[in-house]
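Trainee: Could you take me on a close look at the place where the ligand sits, and then at whatever else helps me put that place in context? I'd like one connected story rather than a list.

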Amino acid sequence: MSALFGNYGKRRAQIVKGQGTVVEDSAGKQYLDFTSGIAVASLGHAHPAIVQALQEQSEKLWHISNLFEIPGQEKVAQKLIANTHFAHAFFCNSGAEANEAAIKLARKHTGKHHIVTFEKSFHGRTFGAMSATGQGKIHNGFGPLVEKFTILPFNDVAALEAAIDDSVAAIMLEMIQGEGGVNCVSAEFAAAIAKACADKGILLIVDEVQTGIGRTGTRYAYEQTILKPHIMTLAKGLGGGFPVGAMLGTTELHATFSPGTHGTTFGGNPLAMNVAQAILDHVFEPVFLQQVQEASAYFVAQLKAHLPSSYTIQGQGLLLGIGCGDIEVASYIAAAEEKGLLLVGAGPNVIRLLPPLTVSKEEIDKAVAILKTILH
Ligand SMILES: *Cc1c(COP(=O)(O)O)cnc(C)c1O
């Protein structure tokens, strides 16, 4: 029997190394990794720039505590907020932690504790983030949850308008629901959220843990909408595999997180910051983002050309989904793995496609060829 808890359903392949989009298992079999460790390996595996960033810092200083100023944090924060309406960053170690910080900041700043979130959302597994998550299967057995989250239907303007009142501290949502089925926020819904926030003085928290850092073809997904979140959370793609999370906020929130109000031992340590800096130096270059958009357009066109029209292609950038109607996708994902293509689901009926942002057209062609043999 395993010495590990059984909380993860394990995949068959035991991956031991990777280079770019290709990973290799312990038997030497190669796979195209169209999961990127769930939107994490943004520059692919073992990218020389991030290997070097980690090696160089590892010879200087690993850890010093947030009691001291960490110069890398200031640099990464500047890079994250440059040309945005955000003014400040807080660094932590994961997406859930970034969302905990966001929930705490919104509560303390408004003096209210009612937060609106949405069905099929995913915000993480810690108590606050889990309570914000709109999926019963994530809550089962762990109650009582943190008060007071109201979970509304997603993209439902009427339900939003009916639920909004002066008690609401914040609305929290993903620009594309990643775990929940690759569901994009509609333009109409974005407009209704913007209006609700403006009318009632509600804070908008956008969870870009999965959509941020170039994944949708812009630095952040909200930039493609009319929304201007007060708080945004980041993690997955920011460290390329080194654990790091971040919360960005607008200038009026600064005083709320005064000394001693919130913190973390490991968050924003020099190793994480040097790696994140190297990732951002690549991903935030306009030409790089342009290439992500081109790869996305090519991928979508190939999927539409080669798959039967009964499948729907969803998402943006390189956070794409193949909607399979009522069909459960687990057996498709297993079949693809067998044929050398790693995929992950998004809910029971959607296949999620999350290649590294550096994926080539040839790799997309190979993936589509495998998908074609499975989805017919
Ligand atoms: C993965 C994810 C999280 C949780 O991040 P962890 O690093 O696993 O805690 C939160 N929100 C979204 C949108 C995610 O995709």
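Mentor: Sure, but first a bit of vocabulary: when I say helix or strand, I mean a DSSP run, with at least four residues for a helix (H or I) and at least two for a strand (E), numbered from the N terminus. Also keep in mind that this is a predicted model.

Now the ligand. It has 13 residues around it, and Gly-95, Ala-96, Asp-207, Gln-210 and Lys-236 are the closest. If you sort that shell by class, you get six polar, four charged and three nonpolar residues. Which element gives the largest share of the shell? That's helix 4, residues 95-110, with three residues.

Let's zoom in on some contacts. Ala-96 has its place in helix 4, and one of its backbone N or O atoms lies 2.8 Å from an oxygen atom of the ligand. Gly-95 uses its backbone too: a polar atom there is 2.8 Å from a ligand oxygen. With Asp-207 we switch to the side chain, where a polar atom lies 2.7 Å from a nitrogen atom of the ligand. As for how covered the ligand is, it has 380 Å² of accessible area on its own, and the protein covers 82% of that.

How does this fit with the database record? In an unreviewed entry, UniProt lists Gly-95, Ala-96, Phe-122, Asp-207, Glu-208, Val-209, Gln-210 and Thr-265 under "binding site". Don't picture them as one cluster, though: they span 171 residues in sequence and their farthest two C-alpha atoms are 25.1 Å apart, so they do not all gather at one spot. From this set, Thr-265 belongs to the lining of the second largest pocket.

The unreviewed entry in UniProt also places a "binding site" feature at Arg-125 and Thr-264. Of these, Thr-264 is included in the lining of the second largest pocket. Arg-125, for its part, has its place in the loop that runs between strand 5 (114-118) and helix 5 (127-132).

Since that pocket keeps popping up, let's go there. The second largest pocket has a volume of about 980 Å³. It is lined by 32 residues, and Gln-73, Ala-89, Phe-90, His-254 and Phe-257 are the closest to its centre. Helix 3 (71-81), strand 4 (88-92) and strand 12 (245-249) each supply at least two residues of this lining, and helix 3 has the largest share, with five. What is the lining like by class? There are 15 nonpolar and 15 polar residues, plus two charged ones.

One last stop, at some backbone details you can check for yourself. The peptide bond from Gly-143 to Pro-144 is cis, with omega near -5°, and Pro-144 is found in the loop between helix 6 (136-139) and strand 6 (149-152). The bond from Glu-147 to Lys-148 is cis as well, again with omega near -5°, and Lys-148 is found in the loop between helix 6 and strand 6. Then there's Ala-46, which is not a glycine and yet has a positive phi of about 55°. Look for Ala-46 in the loop between helix 1 (36-39) and helix 2 (48-58).

How values were computed
Residues are numbered from 1 along each chain as its sequence is written. This is a predicted model: local features need pLDDT of at least 70, side-chain atom pairs count only at pLDDT 80 or more; totals for chains, interfaces and linings use all residues. Side-chain values use heavy atoms; hydrogens and water are left out. A residue is near a molecule or strand if one of its heavy atoms lies within 4 Å of it. A polar contact is a pair of N or O atoms within 3.5 Å; within protein, one must be able to donate a hydrogen and the other to accept it, and residues adjacent in sequence count only if both atoms are side-chain atoms. Accessible areas come from the Shrake-Rupley method with a 1.4 Å probe; for residues, only the protein chains shown count as cover. Ala, Val, Leu, Ile, Met, Phe, Trp, Tyr, Cys and Pro count as nonpolar, Asp, Glu, Lys and Arg as charged, and the others, Gly among them, as polar. On a 1 Å grid over the protein atoms alone, a cavity is a set of points where a 1.4 Å probe fits but cannot get out, and a pocket is an open set with protein on both sides within 12 Å along at least five of seven lines; lining residues have an atom within 4 Å of a point. Grid points are joined across faces, edges and corners, and a volume is the space filled by probe spheres set on the points. UniProt positions are given in the numbering used here, feature names are shortened, and annotations may be inferred rather than shown by experiment.
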